[in-house]
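Thank you all for coming. I would like to take a few minutes to walk through one model with you, and please keep the structure open while I talk.

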Amino acid sequence: MNIVSDRIKNMAESATLAMAAKAREYKAKGINVISLSLGEPDFKTPQHIQDGAKKAIDEGKYFAYPPVNGYLDLREAIAEKFKKENGLNYTPDQIVVSNGAKQSIANIFQAIINEGDEVVVFSPFWVSYSALIELAGGVPVLVKGGIENDFKVTAEQFEAAITSKTKAMIFSSPCNPTGSVFTKPELEAIAKVVLKHENLVVVSDEIYEHINYTGAHASIGALPGMLERTATVNGMAKGFAMTGWRVGYIGAPTWLAKACNKIQGQFTSANCSIAQRAALTALTSDLEPTRQMTKEYLRRRNLVKELLDQIPGFKTNMPQGAFYFFPDVSAYFGKSDGTTTVKDADDLAMYILENAHVSVVTGGAFGDPDCIRLSYAASEEELREAISRMKTTLAKLQ
Ligand SMILES: Cc1ncc(COP(=O)(O)O)c(C=O)c1O
């Protein structure tokens, strides 16, 4: 029997998780696969955050269901962080803590989308945006930023994509998969467009906020008139190496925060009590461990750029944040090693996995089928070895 709903049948599988599963299959066969496909810090959660969780367990006070939107002291700490670091004045009841930023984004789309509503997605985009929009009954409208503009969508492009059905726009900065960072003037131009349209909400995914090499993270919600029009998404996963703890959060206008709270109350209730205490420790401690990790990512960014530039046919931007490269690899399309012909980025990602034993993700999943994504959240040794293997393997394609 298979009575899976059409909604779920039609839903795209997460391409990054699918590629990671393929890489695991190879590893199980004893093949030494280097995985550059997952968006996961390779650092451990800093010790003081782990200790915060242990202390919470020992205190014996955190066994019951927490409030659906998160403990008040955590929401106060998030409100304080938003004010201090981002110039965003949310009150604690405008904060909703969820099981990762992924759930935060899912809540928002469930809260605002009616059947057939459109959401403008700045592309290349993080794989889950379109699936979560569709799951809510919406239509993702992809607007593509090209490599010549550092993969960034312009305000003019954005404006041209807005119709009477547009409910929202979503983008990430720093961006997964391109590493692009929107500057304040670029965000001002986008905000100007938003403010021309009465019922349009921005979903600003700032989960890579701390992994930013420009030293200047700008939040669109902090621009004049934008706080009431913006849901700011953030979380602990990337900047604090806490992917497994599953803590994400939003700051949003009250009506939206309330709606997200309502959905979450039916879906999952609050997220794990101990994870919330760990997040509180992280947000109220010195950010030095985060700064150290970012420093290391920057060093690897520079190394990987240098190494990728030595692979003929790879065109890259210079990522200013996050931990990904998104090379345009279209120069290889139509090439063959005599046995296998590579048609597109899907084929190339598979060719690299099968022949170089390096897992990367096809760019098609992120809205640009000319590219592949590779993560440099891996050790220097792994990065050197992986890129060297890729170079040797790709040289066989003529
Ligand atoms: C751009 C972006 N947003 C959100 C998330 C989800 O974060 P979380 O692990 O907190 O659900 C990710 C994770 O890869 C991401 O890359």
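I will begin with the ligand and its surroundings, and then turn to some backbone details. Please keep in mind throughout that this is a predicted model.

Let us start with the ligand, whose surroundings are made up of Gly100, Ala101, Lys102, Trp126, Tyr129, Asn176, Asp205, Ile207, Tyr208, Ala237, Lys238 and Arg246. If we sort this shell by class, we find six nonpolar residues, two polar ones and four charged ones. Which helix gives the most to the shell around the ligand? That is helix 5, spanning residues 100–112, which supplies three residues.

Turning to individual contacts, I would point first to Lys102, where a polar backbone atom sits 2.9 Å from an oxygen atom of the ligand. With Asp205 the contact comes from the side chain, a polar atom of which is 2.6 Å from a nitrogen atom of the ligand. Lys238 likewise uses a polar side-chain atom, and here the partner is an oxygen atom of the ligand, at 2.6 Å. As for coverage, the ligand on its own has 400 Å² of accessible area, and the protein covers 93% of that.

One residue of the shell leads us on to the backbone, namely Asn176, which is among the residues around the ligand and whose peptide bond to Pro177 is cis, with omega near 25°. Pro177 itself is placed in the loop that runs between strand 5 (166–172) and helix 8 (184–195). There is also a cis peptide bond from Ser123 to Pro124, in this case with omega near 0°, and Pro124 belongs to the loop between strand 3 (118–123) and helix 6 (128–135).

Finally, I would like to show you two residues other than glycine that have a positive phi. For Phe151, phi is near 65°, and this residue is found in the loop connecting strand 4 (139–144) with helix 7 (155–161). For Ser269, phi is again near 65°, and the loop in question lies between helix 9 (254–267) and helix 10 (273–283).

Is Phe151 buried or exposed? Its relative accessibility is 5%, and because buried means under 20%, Phe151 counts as buried. Ser269, by contrast, has a relative accessible area of 26%, so this residue is classed as partly exposed.

That is where I will stop, and I am happy to go back to any of these sites on the screen.

Methods:
Residues are numbered from 1 along each chain as its sequence is written. This is a predicted model: local features need pLDDT of at least 70, side-chain atom pairs count only at pLDDT 80 or more; totals for chains, interfaces and linings use all residues. Side-chain values use heavy atoms; hydrogens and water are left out. Helices (H or I, at least four residues) and strands (E, at least two) are DSSP runs, numbered from the N terminus. Buried means under 20% relative accessible area, exposed over 50%, partly exposed in between (1.4 Å probe, protein chains only). A residue is near a molecule or strand if one of its heavy atoms lies within 4 Å of it. A polar contact is a pair of N or O atoms within 3.5 Å; within protein, one must be able to donate a hydrogen and the other to accept it, and residues adjacent in sequence count only if both atoms are side-chain atoms. Accessible areas come from the Shrake-Rupley method with a 1.4 Å probe; for residues, only the protein chains shown count as cover. Ala, Val, Leu, Ile, Met, Phe, Trp, Tyr, Cys and Pro count as nonpolar, Asp, Glu, Lys and Arg as charged, and the others, Gly among them, as polar.
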